Amino acid sequence: MTAPASQAPSRPQLDTVENAAAHPDEAQPFGELGLKPDEYQRIKDILGRRPTAAELAMYSVMWSEHCSYKSSKVHLRTFGERVTDEMKEHLLVGIGENAGVVDIGDGWAVTFKVESHNHPSFVEPYQGAATGVGGIVRDIISMGARPVAIMDQLRFGDVNHPDTARVVHGVVSGVGGYGNSLGLPNIGGELVFDASYQGNPLVNALCVGVLRHEDIHLANASGIGNKVVLFGARTGGDGIGGASILASETFEDGVPAKRPSVQVGDPFMEKVLIECCLELYAAKVVEGIQDLGAAGISCATSELASNGDGGMHVDLDDVLLRDPTLNAGEILMSESQERMMAVVRPDKLEEFLAITSRWDVETAVIGEVNDSGRLTIDHHGQRIVDVDPRTVAHEGPVYHRPYARPAWQDALNASGTVAAGLARPTSGGELRETALTLLASPNLASKAWVTNQYDRFVQGNTALAQPDDGGVIRVDETTGLGVALATDANGRYGKLDPRTGAALALAEAYRNVATAGATPLAVTDCLNFGSPEDPDSMWQLVEAIEGLADACKELGVPVTGGNVSLYNGTGEPGQVDSSIHPTPVVGVLGVLDDVRTAVPSGWREAGLSVLILGVTRDELDGSAWADVVHRHLGGLPPRVDLAAEKALASVLVGARKAGTVTAAHDLSEGGLAQALLESSLRFGTGVSVSLEGLTARDGVDPFVALFSESTARVLVAVAPESEAALVAAAEGAGVPVLRLGVTGGSAVVVEGVFEVPLDEAREAFEGTLPRIFG
Amino acid sequence: MTALTGARIGVITFPGTLDDRDAARAVRLAGAEAVALWHADADLQGVDAVVLPGGFSYGDYLRAGAISRFAPAMSAVVDAANGGMPVLGICNGFQILTEAHLLPGSMVKNDHLHFVCREQSLVVENASTAWTNQFEAGQRITIPLKNQDGQFVADEHVLDELEGEGRVVFRYDGWNPNGSRRDIAGISNARGNVVGLMPHPEHAVEAGFGPAGAEGPRAGTDGLTFFTSVLASLVSA
């Protein structure tokens, strides 16, 4: 294990504040801790002396990209700037806290956020993924909410690469092993394989929690004399430097200092911590609370102090340790999991301790809030930290990184599927073969091999889960009030045009929530990009933020919080393949007055009319067809039409409320063919459709009709007696609507083109992932 | 559900229990009062029956259920069960019952080594226990299954004895999801008041939130019959 701070004088001789002032020229390992020379100089300027070893540890983790958002901060402000008062209508807590909180009515509120744990999940897939789930769940607990569901957004390298299975098995069992043990239903997510994620898998996790309005808790340390209490797991030597080093530089060839230990999760501890915290909240013995994640105690103390009255004193000797040999810097940087820090009034302390003891949760009072304006930390009776907490938590460096449209972007955009002359299938046999090939391809095949390893039933409130378009969770058992969640991101679209790609991610998640019948309310995002020091990647990030912020404004849904993950690239800067595909994962939360009316993505009954809402254009660049059949990526992504998405959503939500829609499935990767197959396979009932009306109306051929990925389209199944009402509603909203056919039988029949028996389709759809990953 | 009001059914929470709130909901939907019991408290508060819900008590870091069996509440449950009180152990609760020797055998890791979550079809083999008397023998039911350590194992002579005495209460129908001996999903004690099974009846009690049923997706409520059965057995007792 690396222990940079132990390069300070040997243990009994602490590097105290006094010592730092007395020995100003002592060399310090700031570079190894991820700090640049100018950043180190800035710390010296702030303190008026060199930092102590412990202070250096704190600044280095808190000023890392991961904790300070130093490269993205100036651009992330865009989200706040483009939020209108109208968009804030349902927002109880916005960006900047552990997670945003949204009002869903009847006194209920929901908090949700998506976060990344990418780099650790490549180094140690099981623990990286497990602690990724653990971290986002603690964010939700910190807001005062009971966590009620999780989702995972996973991206891996090529399925055929020899290293992919290692990462897939570890990550899936890590997400499952941790989430299942917490009693949180996993209600959906994403699973994508693409060579661009080789060596840089993306493991994002979303958690949603429920609370009453009056139960909102925030991370601040107010009230002079209040106690600072650390509870949960003991502090150990795991994850030291993880936040700083893993998130600061790409992996360099074999330098051990760049391979710090990944944190180790204990889901049992976290489950106990959830229940314990909820009991503490109910007893009203918590003034402020913060979970310990990246940068551990450094982060929790400096953030709590600077968000509150500004002063705090901590005695490190009172921190309960798993390993008594840890030095001060290590204790401050440790990212041991399952820990929380609370601010407690002295007169409530006894009751607080009684509750943690009832749950067998170890608890230590480690400090006190004061009005000094300083964060002071003692160790072995000596002062080792004396800083203004704001300079640690909020006033880190902010960079205006250079960015520019990549040199290769124009060539990429010019080589669309038509320009590249990709052969398109025309005969019925070729179209059938294409549909089955796409259905069996790893990114479009059934994800059941993954989702069957996750508990989706626990808590008894899951109304819809994967493979439905959105996950739907009941919040109020009396009324049936609940929420729908969907997340999306298409990295291939992002590569072709990051601005449009981000807007498309939002459009798809928004559409999926509406497809389930929910009114979209709010957004969370996890921006996964390459190195901010590479102007190409930086341009992608800036473009994506602009695109997402504009799209949020147009759809009227605010970003409430999220996360940025940079340095997801291992290639030579400046090349077309130097980084992952830009992957802005966008999660949308919607509300339903009664989740029992949520609309599933497939049909069960025969005799339902099948209609398509929206317009189909010749949009195959970046499509699943181009990828699976031709291994091609070039051109421009499908057009984004947010006005059309808004109108479509209003029709879908209205139809759910009116009870006029039985099933609905959005059209995205793989187009209409994929949607027809998936909706039929959902409950084993076939469909018979004709493309003639569609090809005539939209001026497209059967291939385009079946495989185009034009947006703002949804397939719906309605009872014959409801068809007129749905058609009228669509026409009233200006949404093009066309009847394609009728459900029934045991095959997907496209009249005059092809017929696929469901048994054959099921084998193609469900066989792929088990065959590859067993 | 007549004459069933007034029945009080305890649901024990151990550290790491996950399905206690679901079990309490199932009890309420069946028409009884759910009483929250705490592992560290030996007082069963005079309940008429007890449910040991699913979860990962103590993280399953030792053998599943091996620590929970020593809880003060379990001493009381063992005494009450020996006195004839109905006890249902679901998943981790089943594991605790075997560790407490109220039921024979044990559960080891699934043969395929993965956690498995699915809508599981079961055959009700014994419809005369305290928890199954409202089913028909041979009836096929569907309730969720979700576990990592669900493979039921026991010595051959124990398995023969269970079969011979009609104490195999549920068998997996179709695919055996974890490699359990003789497809056994649940068993009872000789008296029929203590039943343990790996699948989760408490997740199939409410239309809209369970497995698929005859009425449509998520409409299955076969699990509710476990709880109406115990109420019937309490009335007839």
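Chain B has a mean pLDDT of 95, with 97% of its residues at 70 or more. Chain A averages 92, and 96% of its residues score at least 70. Two stretches of chain A fall under 50. In residues 1-12 of chain A the pLDDT is below 50, and this stretch has 23 contacts in the model beyond near neighbours in sequence. In residues 242-260 of chain A the pLDDT also stays under 50, and the model has 46 contacts for this stretch beyond four places in sequence. Where pLDDT is low, the predicted coordinates should not be read in detail. The structure as a whole is a predicted model, with ipTM 0.96 and pTM 0.94.

**Sheets of chain A**

The two sheets described here belong to chain A and are set side by side in the table.

| Sheet | Strand order (chain A) | Pairing | Mean twist between strands |
|---|---|---|---|
| Seven strands, open | β8-β10-β7-β11-β9-β12-β13 | mixed | 20 degrees |
| Six strands, open | β14-β15-β16-β19-β17-β18 | mixed | 20 degrees |

In the seven-stranded sheet, β8 (288-291) and β13 (382-387) of chain A are the edge strands, each pairing on one side only. Within this sheet, β7 (residues 227-232) and β11 (residues 363-370) of chain A pair in the antiparallel sense over five bridges. Phe231(A) has Thr363(A) of β11(A) as its bridge partner.

Two helices are placed against these strands. Helix α10 (residues 267-282) of chain A lies across β7, β8 and β10 (339-344) of chain A, and runs at about 145 degrees to β7(A). Helix α11 (residues 296-307) of chain A packs on the sheet and touches β7, β8, β9 (311-315), β10 and β12 (375-379) of chain A. The direction of α11(A) makes about 25 degrees with that of β10(A).

In the six-stranded sheet, β14 (462-464) and β18 (559-565) of chain A stand at the edges; each has a single partner strand, so one side of each is left without a neighbour in the sheet. The partner of β18(A) is β17 (residues 519-528) of chain A, and the two run parallel, joined by six bridges. Cys526(A) stands opposite Asn563(A) in β18(A).

**Backbone geometry in loops**

A cis peptide bond, with omega of about 15 degrees, joins Gln466(A) and Pro467(A). Pro467(A) sits in the loop between β14 and β15 (471-474) of chain A, and β14(A) is an edge strand of the six-stranded sheet. Elsewhere in chain A, Tyr69(A) has a positive phi of about 55 degrees although it is not a glycine. Tyr69(A) is found in the loop between α4 (65-68) and α5 (73-81) of chain A.

**Cavities**

Rolling a probe the size of a water molecule over the atoms shows where empty space is left. The structure holds 12 cavities of 30 Å³ or more. The largest cavity contains about 130 Å³ of space. Its lining is made up of 17 residues, and those nearest the centre are Gly55(B), Phe56(B), Cys91(B), Lys146(B) and Asn147(B). In chain B, α3 (92-99) and β7 (140-147) each supply at least two residues of this lining. By residue class, the lining of the largest cavity has four nonpolar, eight polar and five charged members.

Notes. Residues are numbered from 1 along each chain as its sequence is written. Chains are lettered from A and ligands numbered from 1 in the order in which they are written. This is a predicted model: local features need pLDDT of at least 70, side-chain atom pairs count only at pLDDT 80 or more; totals for chains, interfaces and linings use all residues. Side-chain values use heavy atoms; hydrogens and water are left out. On a 1 Å grid over the protein atoms alone, a cavity is a set of points where a 1.4 Å probe fits but cannot get out, and a pocket is an open set with protein on both sides within 12 Å along at least five of seven lines; lining residues have an atom within 4 Å of a point. Grid points are joined across faces, edges and corners, and a volume is the space filled by probe spheres set on the points. Helices (H or I, at least four residues) and strands (E, at least two) are DSSP runs, numbered from the N terminus. Ala, Val, Leu, Ile, Met, Phe, Trp, Tyr, Cys and Pro count as nonpolar, Asp, Glu, Lys and Arg as charged, and the others, Gly among them, as polar. pLDDT is the predictor's confidence in each residue, from 0 to 100. Contact means heavy atoms within 4.5 Å. Two strands pair if DSSP finds at least two bridges between them. Axes are lines fitted to C-alpha atoms, for helices over the stretch in contact, and angles run from 0 to 180 degrees between N-to-C directions.
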